[in-house]
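Trainee: Could you take me closely through a single part of this model, the place where the two chains meet, and set out carefully what can be said about it?

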Amino acid sequence: MIPEIGLFALIIAFGISIIQGIVPLVGAARNDATMIAMARPVAWAQLLFVSIAYAALTYSFIVHDFSVQYVFQHSNLVQPLMYRISGVWGSHEGSMLLWALILSLWTTAVAVFSRGLPDALMARVLAVMGMISVGFYAFMLWTSNPFERLFPVPADGNSLNPLLQDPGLALHPPMLYMGYVGFSVAFAFAVAALLGGKLDATWARWSRPWTTVAWSFLTFGIALGSWWAYNELGWGGWWFWDPVENASFMPWLVGTALIHSLASTEKRGVFKSWTVLLAILAFSMSLLGTFIVRSGILVSVHAFATDPSRGVFILIFLCVAVGGSLGLYAWRSGTVVSTGKFTWFSRETALLLNNIILLTATAAVFVGTMYPLVVDALGIGKISVGRPYFDTMFALVSMPLILLLGIGPVMRWKSDNSQRLIKQLSVVFAASMAIGIILPFVIDGVFNIATGLGLAGGLWIAITTLQSLYHRIKTSSRIPLAFSGMILAHLGMAFFVIGVTTVMTYNQEKDVRLEPGASYSLSGYDFKFMGVKNLVGENYKAEQGHLEVSKDGVKITDLFPEKRAYVGRADPMPMTEAAVDAGLFRDIYAAMGESLGNGAWSLRLYYKPFIGWIWLGSLLMTLGGIVAISDRRYRQKRSKIQS
Amino acid sequence: MSMSKRGKRKLLVIMVVLGVGLATVLGLTAFEENILYFYSPTQIKNGEAPTARNFRVGGLVVEGTVERDSDSLWVKFDLTDGAEIMTVEYSGILPDLFREGQGIVAIGGLNENNIFVANEVLAKHDENYMPPEVADALEAAEQQK
């Protein structure tokens, strides 16, 4: 009964979204106040019904309703409550439902928090978001119904992929989706502005806080995913340039460009049509990312091509959304005139360069991710693009970006004096270069230029960022939150760069074979293997290893890595659960390989200096975004429009 | 050394174009160098696989062929696409789902004895999952019979 209510609610939500996508738009075109006024209540109604559908699916998971095929596939009687709730987004159908729910949440948030918007613009924004909803509901109802029934009803279910049974990964998709879908707001604002033909600097001011929130969620979501992969996959890496990761990284790169471009448009009225284009691009990348991960195209291009319903639907949806908005852009953007004037040596130029670099990076990831899929789909061959390609590209792209990151924020709008900047920055530049280049020599007596440049880059960002904070404090009595947010996010970059550089150079890892009582020494840490014992968890059995870690004869910690086999599957799936002793300056990490007989095991041992700085930096960036949107400016402007 | 404003802007545009151009050239070079092609055991036996560069090979691990060294992590096993067999050597920890009969993909190159020396062995994290390359290789070998 409950699943039927869910499906019914989903169909009603679909119907409502059609109304939301059409009526306010017609109203705005005809200047019909009644139709325009429908936008808000309709958005609320959609939220109500999609929430009912979502609740129904969650309920089916909680009460073990295996008559629902999706529940049967991704849950079982022993699955803990937490993973029954997160099981909803554990696979394709439920993820789409979560996507629709989040989109509806963002839509309602826009309806609530943008009371100051002109009514017609508001109607258009909500209508555009409604149209996106139409696409997702139609996709679910025609190709991916999460409420599909199963008969006869099985007594027990399969299980959620054990990889997903981790708190970090349970939270990862919702955070990521909050980011992906959040870019739909900027997209809707851009399309609405194009439709209305009024693209002034105010639309940038309205889109800015929404874009920044979405970006913060996305940053946090990606960081969570990376942290999870590090802890859970047992490979000790934090980024693999896997297509799934790249799918989330592309919207992040474009979103970061968008945030900076929006700043120029709002403050100076420049790059207007460029910013609109970026808003469209950021959301297009989000759609592409969702579909790359969820359409099954990665598992098999052929399955994707031979199951015409999903594949064709996805292609049509992407073409309509991306092609339609780009077409609108081509048609309307000619009327947009950027008003601000600036010289070649100004902050505007620096932000433009930032955009060029970030988009170059996006293009590099795009090519590396999509090329193999296209080649395979065309039947030309089977290739994959190795990690060194991405590493090389990012080393290349990040150097000018890091240099610019130190200069841009201290540059003046409109026009700046190069002598002034050279005076202000030359000492910092020389000092960070010198320290960066010398540090590797101090650490292990070897000059390493690449590492030196990386460390110098991190220092350069950190010092120039603090320097601009210092100048701001000296010259003005109040520091706006938007500025503090930028400082935090840029400091986050410094932490990130230093973390990545250090761990890439000084990371020590070893696969070893150890018998109980034997030990292995890595970077001064002695790992003594104490043996393995059996454990029984809530829905798994595990073999738990015990390693005693000591340094210079002093015991540091005990590590208990596990090899788990989750029950409830015909063929219990083995899972590696790494053990990490995390610290500010180093992580010690151990993962179990396999039993080699006679009590001996293969073990993966790692010493990872500064790896925590990668996530610390990401958290600072997230925090920076949150601080920036708390700025009073955005609310003041809104109340001004209202009066 | 004073330059006109227009001159400076031109210089900036030229620098950006050069920068992006350079990035493209370096990117394409890195791309070309890091493309890994896939070959099935049959294709390798036919001499289609390169000897000078790394590539990927995939197939089913042949039952009873996994041999381990007793005091190191060295391991040797055979891969098949149903038609031909390819010997693979690897030193390190095998993935959780590596087992006999399972479809796997290995990245590495051929040594002088025509043995594939892997520096990475991949098995996807799903027991029902067959790497798509392996599925296709099996199908191709089946059709050739």
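**The side of chain B that touches chain A**

Mentor: A:S384 stands opposite B:L36 in β1(B), where strands, like helices, are DSSP runs numbered from the N terminus (H or I and at least four residues for a helix, E and at least two for a strand). Strand β1 of chain A, residues 383–385, is joined to β1(B) by three bridges, and the two run antiparallel; strands pair if DSSP finds at least two bridges between them. This is a predicted model, in which local features need pLDDT of at least 70 and side-chain atom pairs count only at pLDDT 80 or more, whereas totals for chains, interfaces and linings use all residues. Residues are numbered from 1 along each chain as its sequence is written, while chains are lettered from A and ligands numbered from 1 in the order in which they are written.

Beyond the strands, 31 residues of chain B are in contact with 37 residues of chain A, contact being taken as C-beta atoms, placed from the backbone, that lie within 7 Å. On the side of chain B that touches chain A, at least two residues each are supplied by α1 (5–34), β1 (35–39) and α3 (132–144) of chain B, and the largest share, 13 residues, comes from α1(B). By class, that side of chain B has 16 nonpolar, six polar and nine charged residues, with Ala, Val, Leu, Ile, Met, Phe, Trp, Tyr, Cys and Pro counted as nonpolar, Asp, Glu, Lys and Arg as charged, and the others, Gly among them, as polar.

Technical notes: Two residues are in contact if their C-beta atoms, placed from the backbone, lie within 7 Å.
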